[in-house]
Amino acid sequence: MTVQNIDTALGEQQRLSDQQSATAGEKKPNSEHRWIWFVTGPTACGKTTIAKALAENLNLTYVEGDDYHPKANVEKMSRGEPLTDADRAGWLQALAEHETAKPPTSSSPHLVITCSALKRHYRDILRLGSEHAGDLRIRFIFLQAPEEVLMERAHNRRGHFAKENLVHSQFTILEMPDPRKPKEKGGEPDVVVVDVGEKEKGVEEVVREVVERVRGVMHLGRE
Ligand SMILES: Nc1ncnc2c1ncn2[C@@H]1O[C@H](COP(=O)(O)OP(=O)(O)OP(=O)(O)O)[C@@H](O)[C@H]1O
Ligand SMILES: O=C(O)[C@H](O)[C@@H](O)[C@H](O)[C@H](O)CO
């Protein structure tokens with residue numbers, strides 16, 4: 001197979017996976033729905049960077065998930081101590097409530113929210129919004145990169161409470177979503193996985209890919 005053929009095959013595979021993501025769980029698309037996009041992945045994978053750019057490009061409302069942590073969580077993370085399930089419970093609940101709250105009127109009703117969402121169970125808490133407010137389409141973008149790459153990004157980042165000493169603990173509990181398998185087989189077809197680990201890719205290219213794939217899912221979901 002030539003490089004071009006591999007690219008075409010991968011593109012097709014991605015399109016099929018996004019198509020699945022567009023309609024995951026819905027029998028009939030509803031034109032009145034709101035989109036909620038969670039940008040997820042371990043610390044320093046680029047959630048804030050990519051979510052802001054995505055919101056700006058598609059004119060969606062950006063919400064920084066870290067702003068919903070209680071002070072004690074931020075202090076704990078600043079000391080390099082990993083959060084527990086109990087520490088994250090209230091935070092996940094706050095984000096789940098935020099997604100079902102009355103949509104903002106001053107800007108787009110569609111949200112892009114950052115949240116590490118490291119475990120399947122956490123993503124399921126966020127998915128519950130769809131049951132509580134029937135017009136929601138909750139989707140995830142998982143930014144995937146090797147641990148060493150995120151260690152380096154966290155090390156080089158300035159002015160953030162999360163340092164490189166949080167990275168390893170997050171990888172030990174990470175439950176990577178698999179969008180290719182159906183839900184009944186443990187898969188998560190409502191997740192768009194984007195590789196952000198390649199050095200030569202850079203932020204601009206990742207943003208371009210994310211915007212294109214989100215656009216694809218939202219468009220497919222409206223058909
Ligand atoms: N695709 C990329 N390529 C190279 N550097 C990147 C990329 N995306 C983000 N970065 C850089 O990596 C660092 C981490 O990014 P960012 O703060 O957006 O991550 P985050 O996932 O929001 O982190 P946290 O969960 O700790 O808040 C930043 O310095 C950012 O500029
Ligand atoms: O433990 C977690 O789930 C993560 O630490 C997130 O809650 C943080 O917000 C992020 O990684 C740092 O910005």
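Biologist: Which strands does helix α4 lie across, and at what angle to β3 does it run?

Modeller: In this predicted model, α4 (residues 85–100) lies across β1 (34–40), β2, β3 and β4 (136–144), at about 175° to β3. Contacts here are C-beta atoms, placed from the backbone, within 7 Å. Angles run from 0 to 180 degrees between the N-to-C directions of lines fitted to C-alpha atoms, for helices over the stretch in contact.

Biologist: What makes a helix or a strand here?

Modeller: A DSSP run, numbered from the N terminus: H or I over at least four residues for a helix, E over at least two for a strand. Residues are numbered from 1 along each chain as its sequence is written, with chains lettered from A and ligands numbered from 1 in written order. Local features need pLDDT of at least 70 and side-chain atom pairs 80 or more, while totals for chains, interfaces and linings use all residues.

Biologist: How do you know that β2 and β3 pair?

Modeller: Pairing takes at least two DSSP bridges, and three join β2 to β3 (residues 111–114), in parallel. One of the partnerships is Tyr62 with Val112. The open sheet runs β2-β3-β1-β4-β5.

Biologist: Why are residues of α5 said to line one face?

Modeller: Tyr122, Arg123, Leu126 and Arg127 are buried, meaning that 20 or more other C-beta atoms lie within 10 Å of their own (exposed: 12 or fewer; partly exposed in between). They fall within an arc of 145°, taken from the directions from the helix axis to the C-beta atoms, so they line one face. On the other side, His121 and Asp124 are exposed.

Terms used: Two residues are in contact if their C-beta atoms, placed from the backbone, lie within 7 Å.
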